[in-house]
Every structure is written in structure tokens, then in C-alpha cells.
Amino acid sequence: MEDSNLSANPSIHEVIAHSAQHPDRRQLLQGAGLLGLLALLQPLTACTTPASASPRGSLGFSGIAPGMGDKLVVPPGYIAQVLAAWGEPVGIAGQMPAFRMDGSNSAEDQALQLGMHHDGMEYFALNGASDHGLIALNHEYTDDGLLHPDGFLPMTAAKVRKSQNAHGLSVFEVRRQDAGANASWAMVRPSAYARRFTLQTPFEVSGPAAGHPLLRTAADPQGRTVLGTLNNCASSQTPWGTYLSGEENWMYYFGGGKDIHAHHQRWGLREKGLYNWEAHDARFDAARHPNEPNRFGWVVEVDPLDPTSTPVKRTALGRAAHEGAWVALTRDQRAVVYSGEDARFEYIYKFVSSARMQPGGAKANRKLLDEGTLYVARFDADGTGRWLPLVHGQGPLTAANGFTDQGEVLIKTRQASDLLGATKMDRPEWLAIDKSSRWVYCTLTNNSQRGEPGKPGVDAANPRANNTMGQIIRWLEDGDFDGATFVWNHLLLAGDPANSRAEAKGNIQGDMLGCPDGLGFSPNGLLWIQTDAHATQMYKGELERIGNNQMLACDTQTGEVRRFLTGPTNCEITGLTFTPDGRSLFINVQHPGETPTDRSDPKKPSQFSNWPDYQAGGRPRSATVVIRKADGGVIGS
Ligand code: FEO
Ligand code: CA
Ligand code: CA
Ligand code: CA
């Protein structure tokens, strides 16, 4: 997460904020007009009269206590199994180097093994099976203190290559043996599907910005092929069977980023990158290669079912610090892609495709996300909202304001959104689309700078100053998913009711949580929420009683939230995907033992956590965990 929105952009919210700054719904109702009242009442109506007849699950498990200690906990009657940790060979035939616990695997080994810091993840059923499929998985970033035997410094060319190979994506095959209490999942190795995508993997650039002068570099004068993807955070699965992943905090990977392009400053590029890559890989030195940063910040699409497919960067969806991207279909089968960027005071977007989805899977829809209209969201204080088109030549998006063509609008999506007066949000993370009620949900994880002097104040959608806890916002489009306007409200404001500061209490019905991040619906219609409080925030102050990061389920019909899983010390829980039968759930434990600086001390690699191996002298590892009910039942039921 970063914070570089310095635009004055005093939207309507800041003006109205004075009358709508009270966070709880009752008070918001008092300040809202009739439209707002309708908006607040509508979700209950919508949820109790779902558009489809799919069965809605209720919370059938026993909630667990807040997590403490270096262990993963699930409710009674559930079994959690570690499936795929950092460093496990992904399963490429004849190239399966074993993980070495001392960090001594080479860069070449790492390119054949699962990367670090597992994040967004999707299960792709093979032939519709719930016991045999593929997992496509992001590796968001690296802790170089754990990645190398001697840690981050001195950084060498070989260490940079290993760090780059521990980023990107993995695809691996999984199979369940047996059923009920005896069931277990395993990676299938070798597998013809097994793949790694690293900073050396060619990605095709498609859509309106492909070939744009701002995307051309010495190594790629056409501006149509980028080596690699990085800082991939959330994920989703498209209705045509591909994997979408967002390139989130790409700006931290570049050095030399000040004063090259004026527009780099709006993205927070720095003189020195966080990973020192620029010292050993010149393309990450923005002073020498000023267009290279423009080639990251896109949503990437991967077809895991075709191991020969070329991954694609979809420029029509805009360039941002994308957490991820999620697809709904209009009634006439056009793709509507929602996304947001996790940075303080940044924005929520949607893209509406021109063409309709075709039968025939990935191949038949290869160009679907290349043509259409991108919008940015404005949330108004009366409980309604509007999608503002990011279209060259419309409104202020003209050459006079620095946008020569649509490609430039897409490369500078943030700057274009500033000019349109979009609403500055409290760090949008994951989105989830309720196919039944058609409400769209988004986690806004926190924003401690909301209301600080010189920063935007509270508004109706982001109603708390010094927002340490975060909230979940939701909206229902007017008409169909391509609607120009919508109604919105908050599912919940996170917090702990025992806190003394009013803004940190929240209004959760049920188990407390802070810093919501991962989000998704299970096949039975429950909404699952995962949390990401940072090591610097946890176990003290307003988050003290909330404990380890966790996963909870919410029945959106009643609003009840119940704690389902707690992770080991200083981990984040992220990534969630279910088998089609809803009976196996895959989640990721990211960076167990995270240190306050995000970089471990190689002399004390397990000082905060030694999960999941608990080996003497070992190191903590991010890992995919699969969860089942001992009786083989539906998760959450
Ligand atoms: Fe990578 Fe916004 O979490
Ligand atoms: Ca996240
Ligand atoms: Ca987060
Ligand atoms: Ca994290």
C-alpha cells in the first residue's frame, strides 16, 4: 500500500462529510434522503428475494476464539492440511529440485519451485471434478531475509534473480484421495500443467494501450511484450475459465524514479527501490528505462488449462495499483470487470466489454477484455453513486490536460480519475460479486491517514477518521451490471466494541475483526472475509483483542459474522477458493512470522513463527492449506 494521491480533487463528499460523518447506519439514515433510505433498506429485500433459486447457506459451524500463538485453528469437526508451501517443486517433469530449509536453493531452483508469499488463488476443476483440478496462485512479494541463507545484504545479481523467480505465479495440479475423515489432498507431480511465471516470462500486451509510445523500451521497441509480472495480489476466475491477477505495488520495485516522467510521481516512484533490483537489473532503473514502470500495474490474464498459452496484460482495464479484478456478466453476457487499487485515497473501477462472452472457453474469448469502456466510481452521500467514464476526449480527458489518446488515459488511470472527481477510498482490496442478489462487495482495509491535516476528510463511504479498522462497502447497480448509477451502503464497519475510541468500535454483528482484505462467496452463498493487520499493528492498541489474522464467514441475509479460522503468528490469511461441490476450501497463509520491517533477520529466521514445519533451525513458509469437514460436508454448513 502506498499513498501518493496529492490531487486537490475536493469531491462532493468532503463538502457533505460534515453532515454524514457518523459511521453507524442509524445516524447515516438520519442524514440521508429518501434515496439513501431506499438504498439502506434494499439489500435486505434483495437478499431475501434472490434473483436465482440457488440455495443460501447459513452459518452452521461453531465460531472459534480470537487466534493467539503460532498455530492455525479451525472449528471442531474441520480438518486443515498444509498442501503447498514456498519452495515445493511445482511439478515440471525432470525438474523438481527439493526445497532446502536453509534458503540455499539457487535462483534456477526457485524458478521451478513455488514462489514466496502466496496470495490470490483459484481452483480450476478438471472435467468439473471436485477431487481433481489445478491451482493457479500468486506469489505477491519476497522476504529476502528468509529467501537467502545470509539474508538481503549484500544484494548480488544471483540474489536478485532468485527474488525475481520467487515472484509471479504458479500453476500446479492437485488431487484428493479417499473421502470423509480419511481424505487428503496432494500435489500431482510431475504434471503437464505445472508452470511458473516469473520476471522472465514473456507477457503479451493487448488492448488500447498495446504498442503505445509510453510502453516502448529499448528491449521492446514495439511496446507489445513485457517480461514478467510482479506483486500479484488478489485473483479471480473468469466465467470463460481463465485466471485474473492484479499487479499491485509495482512502484516499489523501481529505482531512479523521481523526476523522470512527471507522471511517475503520482505513482510514488522512488529514488531507490525496496528490493535493490535496479542495482543488478538495469530495466528496474527508471532513470535509464523511464517507460519500464508503465509496463506494470495491469491486470494479467492466464489460461491455466492450456500449458502452452501466453499470458496477457489487459490494458483496457486501466493501469493502477490493482489488487485484483472480478468479472460479472450482464444479462446479455457482456463482461463487467470490477477492480480497485489498494492505496490510501485511491479508486474503484469497472470495465464493461463491448462484445458478449462466447461459448468455447478461453480461446473463444481471447479478445473479450480488449474492447469496452472503463469507469471510475463516485459514491455520493445520499446512498447513490455514479460510474464516471474514463474516455479520451470526454470531459477533462483531453490533450490539453495531458492525455493524447485513450492509451494515455489508460496508462495514467489515476490522473484521469483525479480530474473526474472520483471518490478517494480507504484502500480498496478484494471484491466479491453475489451472483444471487447481484450486490457487489469490496473490502476497504483501513486508512490511518483519513482526516489528518492536509489529507482528505471523512465522507459517507469512508466515514471514519484515523480508520484503523476498515469497512466493507457494497453496491447494487441500477438495471444491470453495466448500469451508470447504483445504490450503496456498508455491510459492516470493522472494529472491536470494547475500544474506547468511537471510530474503532465498529458495528459488527458477531465476531470482531479488523483490516478486512480477502473476500469471496462460497458455492452455498456465504461471504468469506479474510484479514490482514500488519505486524506493526497487531496484538496492541485498538487491535489487541482481535489476535492473529483470521477468516470469518458472513451470512449476508442476517449480517451475522462468525470466526472460522485463525492463522499462526504474524501471518496474513489470504486467497480463498472452493471446489465446485463446496466441500474443500483452499486458503493461503502468507508470511507467517512477518517482521515489523517485512524483512526477516537471517540469524533469527523463526523468531516470530516457525509454521508450518516447526523444524529446529528452520524458517517459516507461506503455504496453501486445504480445509475439509471430517464428515465430508459442505464447508460452513
Ligand atoms: Fe496485496 Fe492490497 O494487498
Ligand atoms: Ca490483499
Ligand atoms: Ca492488505
Ligand atoms: Ca501480506
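# Close-up views of the calcium sites and their surroundings

**Figure 1. The site of the calcium ion (ligand 4) in the predicted model.** Along the chain, the residues that donate to the calcium ion (ligand 4) follow the spacing E-x17-Q-H. They are Glu 572 through OE, Gln 590 through OE1 and His 591 through NE2, at 2.0 to 2.4 Å from the ion. Glu 572 belongs to strand E29 (residues 572-578), while His 591 sits in the loop between strand E30 (584-590) and strand E31 (623-629); this pair links parts of the chain that are 19 residues apart. Both Glu 572 and His 591 are buried. The calcium ion (ligand 3) is 5.8 Å from the calcium ion (ligand 4).

**Figure 2. The site of the calcium ion (ligand 3).** The protein donors here are Glu 429 (OE), Asp 517 (OD) and Asp 532 (OD), with distances of 2.2 to 2.4 Å to the ion. Their sequence spacing reads E-x87-D-x14-D. Glu 429 in strand E20 and Asp 532 in the loop between strand E26 (527-531) and strand E27 (550-555) are 103 residues apart, and the pair links these distant parts of the chain. Glu 429 has a relative accessible area of 2% and is buried. Asp 532, at 18% relative accessibility, also counts as buried, because the cut-off for burial is under 20%.

**Figure 3. The site of the calcium ion (ligand 2) and the bridging residue Glu 429.** Protein atoms at 2.3 to 2.7 Å from the calcium ion (ligand 2) come from Glu 323 (OE), Glu 429 (OE) and Asp 517, the last listed with two OD donors. The spacing along the chain is E-x105-E-x87-D. Glu 429 lies in strand E20 (residues 428-433) and Asp 517 in strand E25 (residues 516-521), so this pair ties together parts 88 residues apart in sequence. Asp 517 is buried, as is Glu 429. Glu 429 bridges the calcium ion (ligand 2) and the calcium ion (ligand 3), and the two ions are 3.8 Å apart.

**Figure 4. The buried residue Glu 341 and its contacts.** Glu 341 is part of strand E14 and has a relative accessible area of 0%, so it counts as buried. Beyond residues up to four places away in sequence, Glu 341 touches residues including Trp 267, His 322, Glu 323, Glu 346, Arg 414 and Arg 427. Among these, Glu 323 is also a donor of the calcium ion (ligand 2). A polar atom of the Glu 341 side chain lies 2.7 Å from the backbone nitrogen of Ala 321. The side chains of Glu 341 and Tyr 349 are joined by a polar contact of 3.0 Å. Between Glu 341 and Met 251, which are 90 residues apart in sequence, the C-alpha to C-alpha distance is 13 Å.

**Figure 5. Helix H10 (residues 413-420) and its packing partners.** Six of the eight residues of H10 are buried, and the helix is mostly covered. The buried residues are Thr 413, Arg 414, Gln 415, Ala 416, Ser 417 and Asp 418. They pack against helices H7 (262-266) and H9 (406-411), and against strands E14 (334-341), E15 (344-346), E16 (348-356) and E17 (372-379). Gly 421 follows the helix, with a positive phi near 75 degrees.

**Figure 6. The largest nonpolar core and Ile 587.** This core has 76 residues. Tyr 338, Phe 379, Trp 475, Trp 528, Ile 587 and Ile 627 have the most contacts inside it. Neighbours within four places in sequence aside, Ile 587 is in contact with residues including Met 121, Met 551, Leu 565, Ile 573, Leu 576, Val 625 and Ile 627. In soluble globular proteins, nonpolar side chains tend to be buried together.

**Figure 7. Cysteine residues in a structure with zero disulfides.** The cysteine sulfur closest to that of Cys 442 is in Cys 233, at 12 Å, too far for a bond. Cys 442 is buried at 0% relative accessibility. Cys 554 is also buried, with a relative accessible area of 0%.

**Figure 8. Confidence along the chain.** The mean pLDDT of the chain is 92, and 91% of its residues reach 70 or more. Over residues 9-54 the pLDDT is below 50, although this stretch has 63 contacts in the model beyond near neighbours in sequence. Where pLDDT is low, the predicted coordinates should not be read in detail.

Key. Residues are numbered from 1 along each chain as its sequence is written. Chains are lettered from A and ligands numbered from 1 in the order in which they are written. This is a predicted model: local features need pLDDT of at least 70, side-chain atom pairs count only at pLDDT 80 or more; totals for chains, interfaces and linings use all residues. Side-chain values use heavy atoms; hydrogens and water are left out. Donors are N, O and S atoms within 2.8 Å of the metal (3.2 Å for Na, K and Ca); water is not among the atoms, so sites may look incomplete. Helices (H or I, at least four residues) and strands (E, at least two) are DSSP runs, numbered from the N terminus. Buried means under 20% relative accessible area, exposed over 50%, partly exposed in between (1.4 Å probe, protein chains only). Contact means heavy atoms within 4.5 Å. A disulfide is a pair of cysteine sulfur atoms within 2.5 Å. A nonpolar core is a set of buried Ala, Val, Leu, Ile, Met, Phe, Trp, Tyr and Cys residues joined through side-chain atoms within 4.5 Å. pLDDT is the predictor's confidence in each residue, from 0 to 100. A polar contact is a pair of N or O atoms within 3.5 Å; within protein, one must be able to donate a hydrogen and the other to accept it, and residues adjacent in sequence count only if both atoms are side-chain atoms.
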